[in-house]
Structure formats: structure tokens, C-alpha cells
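Student: Got a minute to go over some helix packing with me? Put the model up and let's start.

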Amino acid sequence: MKRYIFGALLMLTAVGCTDLDVDVKSIYTEYPSDSEIALEARISDAYFAYRAALGRRYDEAVSCNSDEYTAVSFDGDYLNGRDMSNFSMHSVDPDACKSQLNVYNDIQAGITKCNQILMDLGEDNTEVSAPIRAARAFYTFILMDNWGDTPIIDYTLLSDNDAIDRSPRADVAAWIEKELLEVRDDCPTEVSDDTYGRPTRWMVDALLAKLYINWNVYTQDVTSSSWSATATNEKLADCVAVCDDVINSGLFDLSDDYKTKFMYNNGSHIKDFIYVMPFDAVSQTGLTYARFRTWRRGQNNNGFYSIEMTNSVGGNMALTPEFAQLFCLEGDRRNDVIAGDGTAETFDVYQYDATTGEPTTVRNNYKGEEVTFTRSITLKVNDGDLNCGADMTGWTQGYRSIKFFPNITEYNTNSRNQSNDVPIFRYADVLLMKCEAIVRGASATNGDTALSLFNQIRSYVNAPTLTATPTLQEILDERGREFLDEHWRRNDLIRFGDFERDWGFKSLNSNASALTNRLWPLSTDVLNSNTNWTQNEGY
């Protein structure tokens, strides 16, 4: 168990509001003004409001909606009303997929918690208000990125009995930019245990880079056939500038081994991490990635890991064959975060050492049968159940991710919870965003070229370097290898105009190529709570 001390862990939690048709001011709770512990608890609660969503349901939705994963089921086992398979087939349903779509409320509650603090303390104390506003902008960004039009909830604009409308996506993008630029210089620049997991100037820079590299996505109608992934982006130079601010700080680097920096004992010592969501199996719970990525019988007997798992696993998130093939570069350390071989159709599975995460010489077997994964996935019936069958053949189809490798003892004793911190922004992403911006037309700066930036990534993972400027396709493929399980793939695919490409079992949905799928629907619950809102087009 990791020992980060945050005020949010001191047991005081602010009340959240997810029904936007109520008087938002009326739900604010008073706290003793002289209690630093209470204030710190509220601030930390606002910073980490995204934890529950990121730990499971948002992960399920955004990962299965990209080409990284397809959900599978096993003769009804883990079918769950087709909620995750709907994301995989781009047939997201506002009612059947409520478990995942309702993370909208969780993230919206984070915005409300930020506003509660700003209302009580004001914005004059920038040491508190600047990072709180940065967190609020980040939450708004996540809503805008996935759902499009989003309410801009600024506490200074609220009045009694306001019904808050969704603002056009382009307006939201402009508001996020304005907010971030206003608070950037007042956010902490220190990188330490004290600022780990909290908004800093560098988090603001990285979020601005994300905003700028996707500017055409957010300020034009991305669901229109006239939208082009190669259209001129007016913010490319701005993207390079904020990337340079991070690079020139000298506070981040790529010195950490790729696989080990995502292990259960990662933390503030990782030099690649700019902004993370901290998890701890005991005190900062909610991360359960291993439960759904470990193959269905991987916990038993001579299991997937060198320690038996006493809590069961789901195994219903399998890498798509198309995505698995990205892990094919000779010597690439990133190949070691999947249980599979991107160059081969089958993969003989050996136990993974529960301490190091590295493969052992002990063959994984189930009831005396040696385990071999297949890269391809074959369904028993070609329908939306995505049913592979509840037998050895069905359970072992599809390669698996072991990137966020669990501490098995913690998994066993803490209801499947893990202690892996999940990065949101990394230095490697800053380098690749700058590389992409240059390839798309921005001027190179600081002696960097698109090639040199790209090869920094290839070099630190011991993969073959390029000799010519990378193409956009090469950048997209590299981002797939580098950021598996980090929840940016859907964002990338849309920006590169690749979201409608056929992968997995999308062909089972005749409407999978509809451009309206680039935005998620609002869940039935969210619409019922906000009766002045209308559903996104196409749902």
C-alpha cells in the first residue's frame, strides 16, 4: 500500500450535485472556516472527484469504444445487457449503457465541488483558486470531449432557480482555453509529493496542448461529412508553445522503464508523469482494471500470476486483433505490457511473477490444460452478445493487457482494488503532440524536429528509430503503442479521421460508420434529471 498523505483522506466529503435543474447554490454545505483539515479535505475531494469514474466505468466505455478493446461474453457470463458490447460495436444505447454513461454525473459532481470551494473562498486566494479552476476546466474538457455540447458552470453566473443549458462545443472549448490561460501562471510549478495528483502549471500546459491539437474537432461540427481531419488547425503553434513550456522546464523525462512505471508501486518518483489520478487499494480505492483484463479463468490454480487470486476475474476485455498487431516492433519494451505477440496468431502463456510482472518459465494451465491465447476472436453467433463461449476456447480468445499490473495480495484482500496510479498526462504525450503539430504544419522550435521528437519515444523503449519524418499514420500507430489503457485512443482516432475504420466486431452494427457516433449519447438518467436538455443527434 502506498503512503501518500492527502487531505481528502481525512474523511470529510463535500456534497455533490448532479441534477442541474436544482438551485445549485442551495446545496452548498458550510464548513468551519478555521479548520484547515476540513478545507484541505474539501479541496482534495474536488481534485479526486474523477477517481471513481476512471477506476472502472469510464475506462470500460472509452476503452471499448476505441480499437484497443472489444468486450466479449461467455454464454451469458459478463453479457450485462450488452452494455460494454454496445460500446465496442458503436451502438451505444442511452438506457442499456447507463452504467458507463452515468459517469457524466460523477464528473459533473466534480465541477460542483470545485464551484462550492470557489463560492466559499472566492478567487482572490489564487494559491487555492487557480488549481481548483484548472481541475474544473479538466472535468469540463472530459465532458466536452465525449458528449460535445456541455454546460459551462461558472459559479459567478449562477442565480437562484437557474436551469443550466448545454453550451455549444466550440464555446466550451473557448471557455476552457480562457480559464486555463487565466490560471496558468498562478498554479504551482513545484513537482513533488505535495503536488502529485494535483493541478500544476504543467498539467495546465498539457491540457492546453490536448485542447489545441484537437481544436478542429471541438470548434467545428465533427459529426458533419464536411469535417476533415487534415483541415488547417489555427492552434498548432499554440500547441507547440505549451509543449515547449513543459519541455523547457526540465522537470520531466523518459528515464523510467516503460513497464515498471505502470506497476502497482508507481508514484511521484516517475519522471514521465505530469498529472495522475492516484489510487491505493486501501485508502484511495476504485481501480479494478485487472479484474476485467485478466483472462476469465486466470485466477485459478496454476494461474495467470505466480500467486493465486482468491477473488474472481471477468476477462471480458480483450484486445482487438487489429490493435494487438501494433505490438510488433523488435526489441520494443512496450511489447511486454500485453500477454500476446503482435507478430503471431497464438501466444503460449507463462505465469507472470507477482512481484516483478515479468514472465516466468512456469507454463500457465487450467485444469491440466496449457493455456494458449489466440490473437483472433471468433464468436459462437454473430450478434451483439459478442459471445465466445464459456469454455477454454472461448476464454482464451484475444490477447490481454497487463500494463497496470496488480499487486495480487492487495487484490485478494481489498475487494479487487489496485494501487496503480493512472497517468492522465505524460511527458511522452507532450513530445508526441509537439511532433504531430509539426507534421501538421507548425514550425519546429528549440532545435527539435518531428523526427527527433518521435525518435525520443522509440529510443527510450528500445524500439527501432525512423530515418525519415514520421507520417501521420506512423504517429497514430505510435500513440497506440505508447498510450494503451490511458484513455486517449478514442480521442486520437477521431482527430485522425480513423474512428469509422472497421475493427473488432463493428461490422455487426449497420450504423457503426455513422458520424454521430463520434459523440456519446446522454444517458436516460442524465436526461431525466435535466429536462431542458435534448439528446445528441443520432440516438
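Tutor: First, a term. A crossing is left-handed if the near helix is turned anticlockwise from the far one by less than a right angle, and right-handed if clockwise. Also, keep in mind that this is a predicted model.

Student: Fine. Which hand does the crossing of helix 1 and helix 7 have?

Tutor: Helix 1 and helix 7 cross in the left-handed sense.

Student: And which residues make the contact?

Tutor: Helix 1 contributes I43, A46 and Y47. From helix 7 come V128, P131, I132, A135 and Y139.

Student: How does that contact split by class?

Tutor: Eight residues are nonpolar, with no polar and no charged ones in the contact of helix 1 with helix 7.

Student: What about the geometry: what are the angle and the axis distance there?

Tutor: Helix 1, residues 36-47, packs on helix 7, residues 126-147, at about 25°. Their axes are 10 Å apart. Angles under 35 degrees count as roughly parallel, so helix 1 and helix 7 are roughly parallel to each other.

Student: Now helix 6. At what angle does helix 6 pack with helix 7?

Tutor: About 155°, with the axes of helix 6 (residues 103-121) and helix 7 lying 9 Å apart. The cut-off for roughly antiparallel is over 145, so helix 6 and helix 7 are roughly antiparallel to each other.

Student: Is that crossing left-handed or right-handed?

Tutor: The crossing of helix 6 and helix 7 is left-handed.

Student: Which residues are in that contact?

Tutor: On helix 6, they include V103, I107, I111, C114 and L118. On helix 7, V128, I132, R136, Y139 and W147 are among them. By class, the contact of helix 6 with helix 7 has 15 nonpolar, five polar and two charged residues.

Student: Switching topic: backbone. What is odd about the phi of D75?

Tutor: Most residues other than glycine have a negative phi. D75 is not a glycine, yet its phi is positive, about 50°.

Student: Where does D75 lie?

Tutor: In the loop between strand 1 (69-71) and helix 4 (83-88). D75 has 43% relative accessibility, so it counts as partly exposed.

Student: And what about R82: what is its phi?

Tutor: R82 has a positive phi of about 65°, and R82 is not a glycine. R82 sits in the loop between strand 1 and helix 4.

Student: Why does R82 count as partly exposed?

Tutor: Because its relative accessibility is 31%. Partly exposed falls between buried, under 20%, and exposed, over 50%.

Key: Residues numbered from 1 in each chain as written. Predicted model: local features only at pLDDT ≥ 70, side-chain atom pairs only at ≥ 80, totals over all residues. Heavy atoms only, no water. Axes fitted to C-alpha atoms, helices over the stretch in contact; angles between N-to-C directions. Helix = DSSP H or I, 4+ residues; strand = E, 2+ residues; numbered from the N terminus. Parallel < 35°, antiparallel > 145°, perpendicular 65-115°, else oblique. Contact = heavy atoms within 4.5 Å. Nonpolar A, V, L, I, M, F, W, Y, C, P; charged D, E, K, R; others polar. Buried < 20%, exposed > 50% of the residue type's maximum accessible area, 1.4 Å probe, protein only.
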